[in-house]
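Please keep the sequence and the model side by side while reading, since the paragraphs below move from one part of the chain to another. The account begins inside the protein and works outwards.

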Amino acid sequence: MTFRDQACAHLSEYRKDLLGIAEEGVFLHRGTPHRKGHILPEGRERQNLLAPYGDLFFASEHGATKLHQYFHHLNSSQGLCINLFYPLLKEERLPLLVRSLGSDMGLPVRAMFESPSQLENAARLTSFDFHLDNPQGRDLFVEVKYTEAGFASTKADAEHLDKFRDTYAPLLGNSPYLTKECSDPAFFLKNYQILRNLVHITALSEVVFLFPRANEKVAEQAAHARATFLTQGGRERMRIVFLEDLVAKLIAACRGTSLEGYYESFRKKYLDFS
C-alpha cells in the first residue's frame, strides 16, 4: 500500500470510531459519485478541524479563510495545516511556533492561512498554506503536503509559457538563490509547483516544505530540489520539516498544558498508522 492508501484507510476508521460518523462522503469523478471512507458527508466538513479549536478558528479573524474544494476530505492538507498551527496562534505561543519552524525571525509576527504571493504579477497567484511575516520585513512561507503523490508539474503550453515569461522569468532574473537551470522555461514548468515556491526565497524570506517523512515521494522530490535547484545561499533559506518531528517537538514543548493532549490527538489523527 502507498502512503496515501494507508492514510485513507486509517482516516476511514477515524471517521467511524473517533468522529462517530457512520456515513461516507461522496467524491464526484467525471460526474459519477463514489463513496469514500476518508471523506466527510455533506454538512459535516467542519468536523475536519479538531476540538476544541475548530469552532474557535471559524469564529476568529482566520475564519474567513477560503476553504479548498476538498476540505471535507479528512486527508486535506489545508485541514492539517489549520489543525497544526491555529492552536499556537490562539494560545499565543508564537515564539514556539517560530522556533518550531527553524526560524530566527523576530517578534511580533503576523500569521496568515492561504496567503497569496506578493511578488507575482499574474491573474492567478501562488497561495501559501501558511505565512508568517513581521514588521522588519521578514517572511516565512510554508508549503504543506500530506498524502499528495508528489509536487505537480504543468504543461509547457502557450498559456504557461506566457506566464513563465511574464511572471517567473523576472523573479528568477539573476537570483543568487536558484541555479541557472531553473531559468529554462521547460525545466521550470516540469518542476512547476516546487519552483513556484522557491522563487519566493529572497534575502529576507525563507521557504519551508512541511510533510510526513513517511510520504517518501514528496520527501524525495523536496530533497532533490534543495540539493540541485538551489545555490548554497538558497539552501540556507529553504528547510525541510518532517511532520512527525514537529509534532513530537510540540508535544514535548507543551508538556503539562492542554496543548499536550491536543497534539496527541493530532498525532492520532494524522500519523498513528505510519
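**An internal cavity and its surroundings**

Helix H3 supplies the largest share of the lining of the largest cavity, namely 4 residues. The model is a predicted one, and a search of the whole structure finds 1 cavity of 30 Å³ or more, with about 40 Å³ of space in the largest cavity. Its lining is made up of Leu49, Leu50, Tyr53, Gly54, Phe57, Ile82, Asn83, Tyr86, Pro87 and Tyr262. The elements that give two or more residues to this lining are helix H2 (53-59) and helix H3 (77-90). In chemical character, the lining residues divide into 8 nonpolar and 2 polar, with no charged residue.

From the cavity, the reader can turn to the segment that joins these two helices. Threonine 65 lies in the loop between H2 and H3, and it counts as buried because its relative accessibility is 13%, whereas the cut-off for burial is under 20%. Leaving aside neighbours within four places in sequence, threonine 65 is in contact with Phe57, Gln78, Phe113 and Glu114. Of these partners, Phe57 also belongs to the lining of the largest cavity.

On the other side of H2 in the sequence, leucine 40 is found in the loop between strand S2 (32-36) and H2. How buried or exposed is leucine 40? With a relative accessible area of 1%, leucine 40 is buried. When residues up to four places away in sequence are not counted, leucine 40 touches Arg15, Leu19, Ile21, Gly25, Glu45, Gln47, Asn48, His72 and Leu74. The C-alpha atoms of leucine 40 and glycine 54, which stand 14 residues apart along the chain, are separated by 15 Å; glycine 54 is itself one of the residues that line the largest cavity.

Seen as a whole, the protein has 11 helices and 7 strands, and its C-alpha atoms fill a box of roughly 55 × 45 × 35 Å along the principal axes. A compact globule of 274 residues would have a radius of gyration near 19 Å, and the protein, with 19 Å, agrees with that expectation. Of the 274 residues, 49% count as buried. Among contacts between residues at least 6 apart in sequence, 67% join residues at least 24 apart. On the outside, the protein exposes about 13,200 Å², of which carbon and sulfur atoms supply 50%.

Technical notes: Residues numbered from 1 in each chain as written. Predicted model: local features only at pLDDT ≥ 70, side-chain atom pairs only at ≥ 80, totals over all residues. Heavy atoms only, no water. 1 Å grid on protein atoms, 1.4 Å probe; cavity = no way out; pocket = protein on both sides within 12 Å on 5 of 7 lines; lining within 4 Å. Points joined across faces, edges and corners; volume = space filled by probe spheres on them. Nonpolar A, V, L, I, M, F, W, Y, C, P; charged D, E, K, R; others polar. Buried < 20%, exposed > 50% of the residue type's maximum accessible area, 1.4 Å probe, protein only. Contact = heavy atoms within 4.5 Å. Rg over C-alpha atoms; globule rule 2.2 N^0.38 Å. Areas by Shrake-Rupley, 256 points an atom, 1.4 Å probe, with all protein chains shown as cover.
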